[in-house]
Every structure is written in structure tokens, then in C-alpha cells.
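Thank you all for making time this morning. I would like to walk you through one model, going from its sheets to its cores and domains, and then to a few individual residues.

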Amino acid sequence: MLCNILIIGGGFAGFWAAVAARRVAGSRAQVALVSPRPLLEIRPRLYEAHPETLAVDFRPHLEKLEIDFVRGAAEALDPAAKAVTLAAGDQIAYDRLVVATGSRMRRPPVPGAEAAFSVDTQAEAIAFDRRLKDIAQATEEPTIAVIGAGFTGLELALELRDRLLAHGAHRAAVRLRIVLIDRAETIGPELGPGPRPAIERALAQDGIELRLGAVVQALQADRVSFADGTVLAADAVVLATGMVAAPFAAQIPGARDALGRTIVDASLRAPGAPDVFVAGDAAAADTGDGHWTLQSCQHAGQLGRVAGENAARDLLGEPTVPYSQLRYLTCLDLGRAGALVTQGWERRIDKMGEEGKALKRMINTKVIYPPADGSIEALLASSSIDLAARTRQMDAPKAPEPVQGGAA
Ligand SMILES: Cc1cc2nc3c(=O)[nH]c(=O)nc-3n(C[C@H](O)[C@H](O)[C@H](O)COP(=O)(O)OP(=O)(O)OC[C@H]3O[C@@H](n4cnc5c(N)ncnc54)[C@H](O)[C@@H]3O)c2cc1C
């Protein structure tokens, strides 16, 4: 099989790369996307209740844009032959490749880590939700240990009482003991000191116990063993221990950063493989304002759009455009305490409480989804690399129902 523009990965970066490539190339190129499932997993929401609803079937969108979907996992990359071999053995030749294989949670290198729960993928979040359901039915005074007090661990810990309520366990929700564990001495180390007091207040209000500066030595399904000899018995142990690039991207020739991400140039090209562009959590790119991209949805979406646009431009002999991230904000869900919104890399607090929560809801139910108006025009406009144009389009009135799909 030959494909002009091949995209590997159906996450935020891969989906938008495919749409942007079609927008630029029109009918002048064949575009195909390879992914194990035809679903855009809404990973930023996987700490929430009902994880089985948190994926969108992207096939109707791809079909409208005449983008081929190939179900499968890419296994081998041969940049000299310009070909990708799938796990099933099929080979796909390409003219330009976009690698958007995303990230995976980094499990800590301690015995028993494989057995702990996580909310990194939809399947893992569903498995944890099943355990919560069992806990809701079996015990009135449960304990849940969350390991990792970064962004995901904080959002998950602060959601757990309501997650038990969603399973009808009112008494257990009130009596739930939540222990948030991190080897760092502070919560949310990557969020910096500015937002910390607000987060600490939310944790205290929710009755969450902190165990900071704690070295985990071993894990079992029902306990956490620490290096100081203490043991915490728990009904569930959940890991939120940070992400690294998924393995496929390691085959791209060239330099990588500590997270295994390919260091790309301004057009998101892999310097060691000129026909390969890299996007999303698999790429480390200079944001143009003195920072490196983060493994985040807002970076992944823009990286994907620029990589898809540049793969098409390069194929057509047009000049590529430089990647830039126009603005950077964080929006941390604090559960019943609302949400905390910060602006800029210095993380200036912008909104808190209910005002912050309204923005979080909008991001989680609208901004990160393909346009609810699934018309060809809306999809192509949403693939623009011009953030201001996208925002105007998102604010325009449209049909209310987002396209939702369950696990396939
Ligand atoms: C619980 C949680 C909460 C988060 N909260 C936030 C948040 O609040 N804000 C934020 O900005 N970000 C958040 N993130 C991070 C965000 O979800 C990621 O940065 C984003 O999903 C990255 O998008 P991506 O397309 O690069 O990769 P992914 O979403 O990881 O998608 C990668 C895709 O590639 C596919 N793939 C992988 N390997 C192969 C292969 N070999 N062959 C074919 N396909 C392959 C995968 O199946 C998947 O479809 C959160 C993540 C988690 C887990």
C-alpha cells in the first residue's frame, strides 16, 4: 500500500494532523491514519466518572474528508525505505510521515507496579472504575492511595468522593480515606509555588491526607510499602506517575529528551529523518517563546495541526510554516473547590472556584472535542493553525450534540 501522507496515532495530535493535511492538500494527496482503535480517547477527562463515555468515534469525520483509516499498530519504521510495518505484518509506504503516537504513563520501577490501577488510557480508567464500583458495594470505610501528586494525581484524588457517589455509595463517599503520596516534598511540583496554596486548601477541605517526601518501595493490590518500613493498607492503589513518549517514536533517528520525545525543528520535522514530522506527546518542540512544549492536550492539538499542515506543504513543494504556541494556560480541576486557571509560563492565577470550573467544563466538554457541527467546513476550519480563527469558529452558533462513541 502507498500513501502520500501517513499519520501514525489517532489521538489529539494525529487526528488534527490528518484533518490539517487534507485541508492543505485538498485532492492532491492521499491521506491515511493508522491507530489501534478508531477512537479519539479524551485522556484529559479520564479522572472523571463514566470513563466508558470518554472517547469519540472519529471514523465519520475521516470518511467525510476522504481520509483512510487503517486499524492497527505501527511496529517498525524504515525511514530510508520510507515505509512503516504494522504489527499484523502489512507494510505501508509513505511520501511524508507524521508520528503522533503520544505517551504512556511511566510506571515506577518498584515490584508490583504493574498491578496498580491508573487512568492513563480509557481501558485502564474503565478497569479502575469497576474497582470503585466494587468498593462502593463492599465497604463503608474504604481507603484509596493515589501515587503521584502532579496534575493527574491531584485531579483524580479530588474527584474520588464524587466518583463513589456516582456509584451510589453515599456513606462510603463521606468516610473515604484518600491518601495522596509523592516522593517530592511539595504537591504539584511542576505547577510552581503560585497556585500551591489554593491547591493545598482544596485538598484540606476535601480531607485528603498527604504523604510527601515518601519513597514507595513495593506495591500490591491492597497495600503500599514505603522505604521507611511503614505500610499503608488500601482498597485500591492508583498510579499517576507521569508520562513518557510511547515506544514507536524511539525508532525515529535523532536526538531525544528525557521523556523519550523526538527533538524536532521549527517545522516539527525530525532532523534525522527529513520526510518525518513528529507531533503531540511524542515531540519536543521549541514553543517560540523560550520554552519547550509540554505533554499536554493544548500543545498536542496545535502540534498536530502544524505537523499535518507542514507534511502536506512539504509534499507539494510549498514552504513549511514555523510552529508556535500562541498562549499557554493551565486549568486544574479541584473537585468540589472548583478549578484553578493560570495564565502563562509563570502560572499567574487567573480564575478560581466556580469561575474556573466553568472554564474547565467548557474545555472538557467542548474545546477538546471535534466540532459538534461535524460538517466538512467546520472540521477543516477547526484544523487551522490560527488559534484566533479557531476560537471565533468555536464561538459561532452550531448544533448542540457532540459526536460521542463508546469503546470499540
Ligand atoms: C488522566 C489524564 C489527565 C490529563 N489532563 C490534561 C489536562 O487537563 N490538560 C492537558 O492539556 N492535558 C492533559 N492530559 C495530557 C493529554 O491527554 C495528552 O497530552 C494528550 O492526550 C496527547 O495527545 P497525543 O495525540 O500526542 O497522544 P495520545 O492522546 O497519547 O494519543 C496517541 C495515539 O497514538 C496511538 N498509538 C500509540 N502507539 C501507536 C502505534 N505504535 N501505532 C499506531 N497507533 C499508536 C494511541 O493508541 C493513541 O490513539 C491528561 C492526560 C491524562 C492521562
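Let me begin with a term: two strands are said to pair if DSSP finds at least two bridges between them, and the strands themselves (E, at least two residues), like the helices (H or I, at least four residues), are DSSP runs numbered from the N terminus. Please keep in mind that this is a predicted model, in which local features need a pLDDT of at least 70 and side-chain atom pairs count only at pLDDT 80 or more, while totals for chains, interfaces and linings use all residues. Residues are numbered from 1 along each chain as its sequence is written, and side-chain values use heavy atoms, with hydrogens and water left out.

As for confidence, pLDDT is the predictor's own estimate for each residue, on a scale from 0 to 100. The protein chain averages 94, and 95% of the residues score at least 70. Residues 398-408 are a stretch to treat with care, since pLDDT stays under 50 there; the model nevertheless has 26 contacts for this stretch beyond four places in sequence, where contact means heavy atoms within 4.5 Å.

Now to the sheets. One open sheet has three strands in the order E14-E15-E16, with antiparallel pairing. Its edges are strand E14 (216-220) and strand E16 (231-233), each of which pairs on one side only, and the twist from one strand to the next averages 15 degrees. Between E14 and strand E15, residues 223-226, there are four bridges in the antiparallel sense, and Leu219 has Val224 in E15 as its bridge partner.

Another open sheet of three strands runs in the order E23-E24-E25, and here too the pairing is antiparallel. Strand E23 (329-333) and E25 are the edge strands, pairing on one side only, and the twist averages 30 degrees from one strand to the next. Helix H9, residues 353-367, packs on this sheet and touches E23, E24 and E25, its direction making about 105 degrees with that of E23; for such angles, axes are lines fitted to C-alpha atoms, for helices over the stretch in contact, and the values run from 0 to 180 degrees between N-to-C directions.

Within that sheet, strand E24 (residues 339-343) is joined to strand E25 (residues 348-351) by three bridges, and Thr342 stands opposite Ile349 in E25. The hairpin has four residues between its strands, and Gly344 in it takes a positive phi near 75 degrees. Which residue in the loop between E24 and E25 has a positive phi although it is not a glycine? That residue is Arg347, with a phi of about 55 degrees, and at 14% relative accessibility Arg347 counts as buried, the term buried being used for under 20% relative accessible area, exposed for over 50%, and partly exposed for values in between, with a 1.4 Å probe and protein chains only.

Glu66 also has a positive phi, near 55 degrees, and lies in the loop between helix H2 (59-64) and strand E5 (67-71). Glu66, however, is exposed, with a relative accessible area of 63%.

Turning to the interior, a nonpolar core is a set of buried Ala, Val, Leu, Ile, Met, Phe, Trp, Tyr and Cys residues joined through side-chain atoms within 4.5 Å. The largest one has 104 residues, among which Leu6 and Val84 touch the most other members, and helix H1 (residues 12-25) gives the largest share, ten residues. Because domain 1 (2-104 + 244-325 + 369-395) and domain 2 (107-241) both give residues to this core, it lies between them; the bounds come from an automatic or database domain assignment. Leaving aside neighbours within four places in sequence, Leu6 is in contact with residues including Ala32, Val34, Val84 and Tyr94.

How far apart do the C-alpha centres of domain 1 and domain 2 lie? They lie 32 Å apart, and the contact takes 16 residues from domain 1 and twelve residues from domain 2.

I will finish with Val56, which lies in strand E4, residues 55-57, and counts as buried at 1% relative accessibility. Val56 and Ile42 are 14 residues apart along the chain, and their C-alpha atoms are separated by 7.6 Å.
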